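Subject: Structure for you to look at

Hello,

Here is the structure I promised to pass on. Please open it beside this email and follow along.

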Amino acid sequence: MSEQNRPLVSVRELHKHYHAQGGLLRKGVAVKAVDGVSFDIQRGETFGLVGESGCGKSTLGRAMLRLFDITSGEIHFDGQDIAQMSEKQLKPLRKRMQAIFQDPYSSLNPGMTVQQLVAEPMQIHGYSREEQRERTETLLYKVGLKQEHLQRFPHEFSGGQRQRISIARALSVRPEFVLCDEPLSALDVSVQAQVVNILQDLQQELGLTYLFIAHDLSMVRHISSRIGVMYLGKLVEVAPAGELYSHPAHPYTRALLAAVPLPDPRIRHLDQATLRGEIPGPTSTLPGCKFCSRCPHAMPVCRSQEPAMQEISPGHFAACWLDL
Ligand code: SF4
């Protein structure tokens with residue numbers, strides 16, 4: 001495959017399991033936060049990843065950046081398998097993969113000025129002082145902040161401004177791939193659109209590739225080219241963004257869409273019963289589909305055999321025993 005056609009990031013059968021240390025779960029029980037996930041992200045695209053809190057989407061995103069060791073599987077970044085690389089081997093690749101985290105209040109060191117925060121990754125990766133200064137000023141301008149903000153501390157900014165600082169910091173070392181881990185969740189609705197616009201403008205200008213994580217489908221709608229839906233550590237549906245909204249296939253995706261608030265009061269919400277019910281949990285060793293206990297369409301086969309991901313129309317994949 002030529003370099004241009006090769007996905008920038010691809011994961012195959014990625015697993016990340018944790019072992020309970022006691023407490024609510026019996027000691028030693030395996031919690032399968034990510035349970036055999038495979039997908040590709042093409043250069044220049046935004047892949048949206050959605051699912052309820054605790055479904056493993058943040059763990060998956062952080063595993064793809066090798067922020068911790070994985071249990072098993074492959075992670076290919078620009079053709080290199082980084083899954084088992086040591087920290088020393090990863091260091092030259094680190095500047096090509098950066099992250100913007102959910103909470104702009106805790107992700108920025110309160111004792112550093114904006115200038116220090118944005119310049120720090122460049123220091124680590126050996127940029128000269130002159131480059132650090134120039135690039136910090138340029139990036140601050142690109143995210144809509146001013147030169148006079150350089151010597152201020154994070155507590156002097158609003159949540160939206162802090163997220164702009166986080167974006168400038170992540171982009172300082174010229175990454176190609178950026179994990180956006182729920183970057184809008186802690187922001188007011190009025191500020192969310194501004195941050196999305198900044199991310200989109202920067203993507204166009206710098207040719208960035210994003211993995212954009214959110215807990216509901218309304219947030220990823222406008223920014224994603226393709227969307228993956230995750231449930232209890234597994235991907236259950238992947239489709240181009242427009243297709244997922246117009247023809248959601250998996251019962252869980254349909255339930256998530258039904259839970260998105262609609263601005264028109266004349267339109268009644270679908271019953272959200274599908275999103276209630278007993279959840280087997282990520283420690284479940286039951287065979288079959290993990291959504292079984294909440295699915296209104298569950299059949300005997302769903303309880304005994306796990307459905308594989310299948311292409312149901314060009315580029316649209318779902319893991320379900322229904323004839324979708
Ligand atoms: Fe529902 Fe069965 Fe499809 Fe799972 S495999 S989503 S239980 S119909």
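**Helix 5**

At 1.5 Å a residue, helix 5 with its 13 residues should span 18 Å, and its end C-alpha atoms are 19 Å apart, which agrees. Keep in mind that this is a predicted model.

How many residues of helix 5 are buried? The count is 11 of its 13, so the helix is mostly covered. Among them are Arg-162, Gln-163 and Arg-164, as well as Ile-165 and Ile-167. Glycines are on the list too, namely Gly-159 and Gly-160. The buried residues pack against strand 6, helix 3 (114-124), helix 4, strand 7 and helix 6. Helix 5 also lies across strand 6 and strand 7 (177-181). Its direction is at about 175° to strand 6.

**The whole chain**

Now step back. The protein chain has 10 helices and 12 strands. A compact globule of 324 residues would have a radius of gyration near 20 Å; the protein chain has 21 Å, which agrees. The C-alpha trace spans about 65 × 50 × 50 Å along its principal axes. Buried residues make up 49% of the 324.

Look at the contacts next. Take those between residues at least 6 apart in sequence: 64% of them join residues at least 24 apart.

**The eight-stranded sheet**

Eight strands form an open sheet with mixed pairing. Their order is 6-7-8-3-9-10-12-11. Strand 6 and strand 11 (310-313) stand at the edges, each with a single partner strand, so one side of each has no neighbour in the sheet. From one strand to the next, the twist averages 25°.

Start at the strand 6 edge and work inwards. Strand 6 and strand 7 pair in the parallel sense over four bridges. Here Ala-99 stands opposite Leu-179 in strand 7. Strand 7 and strand 8 are also paired in the parallel sense, over five bridges. One pair of bridge partners is Val-178 and Tyr-210, the latter in strand 8. Asp-181 stands opposite Ile-213 in strand 8. Strand 3 pairs with strand 8 in the parallel sense, over five bridges. Leu-49 stands opposite Ile-213 as well.

Further along, strand 10 (residues 234-240) and strand 12 (residues 316-318) run antiparallel, joined by two bridges. The bridge partner of Val-238 is Phe-317 in strand 12.

**Two buried strands**

In a regular strand the side chains alternate between the two faces of the sheet. Use that to read strand 7 and strand 8.

Why is strand 7 largely enclosed by the rest of the structure? Five of its five residues are buried, so the rest of the structure largely encloses it. Both faces are covered. Phe-177, Leu-179 and Asp-181 are buried on one side, and Val-178 and Cys-180 on the other.

Strand 8 is mostly covered, with six of its six residues buried. Thr-209, Leu-211 and Ile-213 point one way. Tyr-210, Phe-212 and Ala-214 point the other way, and all of these residues are buried.

**Helix 6**

Helix 6 (residues 189-206) has 18 residues. Its first and last C-alpha atoms are 26 Å apart, close to the 26 Å expected at 1.5 Å a residue.

Which residues of helix 6 are buried? They are Val-191, Gln-192, Val-195, Val-196, Ile-198, Leu-199, Leu-202 and Gln-203. They cover an arc of only 160° around the axis, so they lie on the same side of helix 6. The general pattern helps here: an α-helix has 3.6 residues a turn, so residues three or four places apart point the same way.

On the other side of helix 6, Ser-190, Asp-201 and Gln-204 are exposed. The cover over the buried residues includes strand 3 (46-50), strand 6 (97-100) and strand 8 (209-214). It also includes helix 4 (129-142), helix 5 (159-171) and helix 7 (217-220). Just after helix 6, Gly-207 takes a positive phi of about 65°.

**The four-stranded sheet**

There is also an open sheet of four strands, in the order 2-1-4-5, with antiparallel pairing. Strand 2 (30-41) and strand 5 (80-81) are its edge strands, and each pairs on one side only. Strand 4 (residues 72-77) and strand 5 are joined by two bridges. Phe-77 has Gln-80 in strand 5 as its bridge partner.

Best wishes

Definitions and conventions. Residues are numbered from 1 along each chain as its sequence is written. This is a predicted model: local features need pLDDT of at least 70, side-chain atom pairs count only at pLDDT 80 or more; totals for chains, interfaces and linings use all residues. Side-chain values use heavy atoms; hydrogens and water are left out. The expected span of a helix is 1.5 Å times one less than its number of residues. Buried means under 20% relative accessible area, exposed over 50%, partly exposed in between (1.4 Å probe, protein chains only). The arc is that of the directions from the helix axis to the C-beta atoms. Contact means heavy atoms within 4.5 Å. Two strands pair if DSSP finds at least two bridges between them. Axes are lines fitted to C-alpha atoms, for helices over the stretch in contact, and angles run from 0 to 180 degrees between N-to-C directions. The radius of gyration is taken over C-alpha atoms; the globule rule is 2.2 Å times the number of residues to the power 0.38.
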